[in-house]
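Hi everyone, thanks for making the time. I'd like to walk you through a structure that is new to most of us, so have a look at it first.

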Amino acid sequence: MPFKKKVITIDEEGLRQAEAIAEEKITLLQSAMKEAEKHIHIDDFKAFSKDFTAYTTEKIKAKNEALTDLNLSDDKILNLLEINLNALYELQVQFEENNTKLYFDKDGSPYTKVNKEPFIRYTKNEEENKRLEAFQYLIVSLEEIAKHTHVYKGEVARLTSNAVVFDLRLNKWRINPMSFR
């Protein structure tokens, strides 16, 4: 029978943090869109997401062609129109600092994806599969024994060389992935 890798553990907290960071990227884009829509209408989300201020400036210039014909710099045009894009620039900086990749669906709407693989730890060979299975049986047995008598959870960790530990924060048993190195 060929080896089939099994999940040792999933870093749920790390995954939630990565998803929150990804969601923050969308929130920053939405905030930038609200800020830009005070001055222009956005019809290309992808182009807007590449550079908020440049996109907004170009749209403002297109809307005010008479000022563009005067050969003025972008800053002078914005100053004459009394438009301040500093808030948009700050949002652009925060947006670019967020390393989450932004995707666009067929309608042009933005979304993000979080790769879950870096947060999942797998077994590497059949020996680790057997070890994982033994630890899982131990956990099931401990939960069953706890129904009938008190189990000193800290002692179980010590007795198993920290291979099986009780996570007080989550109030559940877990297998220590460090025992699979």
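Before anything else, a word on names: helices here are DSSP runs of H or I with at least four residues, strands are E runs of at least two, and both are numbered from the N terminus. With that in hand, Leu-15 is a residue of helix H1. And please keep in mind throughout that this is a predicted model.

Let's stay with Leu-15 for a moment. Is Leu-15 buried or exposed? Its relative accessible area is 10%, and buried means under 20%, so Leu-15 is buried. Setting aside residues up to four places away in sequence, Leu-15 touches Val-114, Lys-116 and Phe-119. Leu-15 and Asn-115 are 100 residues apart along the chain, yet their C-alpha atoms are separated by 8.8 Å.

Phe-119 came up there, so let's go over to that side. Phe-119 sits in the loop between strand S3, residues 110-112, and strand S4, residues 120-122. Which residues does Phe-119 touch, not counting those up to four places away in sequence? They are Thr-9, Ile-10, Asp-11, Gly-14, Leu-15, Ala-18 and Val-114. For Ile-10, the C-alpha to C-alpha distance from Phe-119 is 5.7 Å, with the two positions 109 residues apart in sequence numbering.

Now for the helices. Generally speaking, two packed helices are described by the angle between their axes and the distance between the axes. Take helix H1, residues 12-36, and helix H6, residues 86-97: they pack at about 165 degrees, and their axes are 10 Å apart. Angles over 145 degrees count as roughly antiparallel, and H1 and H6 are therefore roughly antiparallel to each other. The crossing of H1 past H6 is left-handed. Who makes the contact? From H1 we have Lys-25, Leu-28, Leu-29, Ser-31, Ala-32, Glu-35 and Ala-36, and from H6 we have Ala-87, Leu-88, Leu-91, Gln-94 and Phe-95. Sorted by class, that contact of H1 with H6 has eight nonpolar residues, two polar and two charged.

H6 has another partner, helix H3, residues 52-63. H3 and H6 pack at an angle of about 145 degrees, and here the axes are 8 Å apart. On the H3 side the residues are Phe-52, Thr-53 and Thr-56, and in H6 they meet Leu-88, Tyr-89, Leu-91, Gln-92 and Phe-95. How many charged residues are in this contact? There are no charged residues in the contact of H3 with H6, just five nonpolar and three polar.

That takes us to the inside. In soluble globular proteins, nonpolar side chains tend to be buried together. In this model the largest nonpolar core has 19 residues, and the ones that touch the most other members are Leu-29, Ile-42, Phe-48, Phe-52 and Leu-88. H1, H3 and H6 are the elements that give two or more residues to this core, and the largest share, six residues, comes from H1. If you'd like to click on one of them, try Ile-42: leaving aside its neighbours within four places in sequence, Ile-42 is in contact with Met-33, Ala-36, Glu-37, Phe-48 and Tyr-55. Apart from that core lies another one, of 13 residues, including Phe-135, Leu-142, Ala-163 and Ile-175.

Next, a strand residue. Leu-102 is in strand S2, residues 102-104, and with 15% relative accessibility Leu-102 counts as buried. Beyond four places in sequence, Leu-102 touches Lys-25, Ile-26, Leu-29, Ser-49, Phe-95, Pro-110, Tyr-111 and Thr-112. The C-alpha atoms of Leu-102 and Ala-22 are 8.5 Å from each other, and the two residues are 80 apart along the chain.

For a charged residue, look at Asp-167 in strand S5. Asp-167 counts as buried too, at 12% relative accessibility. Leaving aside neighbours within four places, Asp-167 is in contact with Lys-172 and Arg-174.

Last stop, the backbone. Glu-82, in the loop between helix H5 (74-80) and H6, has a phi near 55 degrees, a positive value in a residue other than glycine. Glu-82 is exposed, with a relative accessible area of 75%. Ser-161 also has a positive phi, near 55 degrees, and Ser-161 sits in the loop between helix H8 (153-159) and strand S5 (164-167). At 65% relative accessibility, Ser-161 counts as exposed.

That's my tour, so over to you.

Methods
Residues are numbered from 1 along each chain as its sequence is written. This is a predicted model: local features need pLDDT of at least 70, side-chain atom pairs count only at pLDDT 80 or more; totals for chains, interfaces and linings use all residues. Side-chain values use heavy atoms; hydrogens and water are left out. Axes are lines fitted to C-alpha atoms, for helices over the stretch in contact, and angles run from 0 to 180 degrees between N-to-C directions. Angles under 35 degrees count as roughly parallel, over 145 as roughly antiparallel, 65 to 115 as roughly perpendicular and the rest as oblique. A crossing is left-handed if the near helix is turned anticlockwise from the far one by less than a right angle, and right-handed if clockwise. Contact means heavy atoms within 4.5 Å. Ala, Val, Leu, Ile, Met, Phe, Trp, Tyr, Cys and Pro count as nonpolar, Asp, Glu, Lys and Arg as charged, and the others, Gly among them, as polar. A nonpolar core is a set of buried Ala, Val, Leu, Ile, Met, Phe, Trp, Tyr and Cys residues joined through side-chain atoms within 4.5 Å. Buried means under 20% relative accessible area, exposed over 50%, partly exposed in between (1.4 Å probe, protein chains only).
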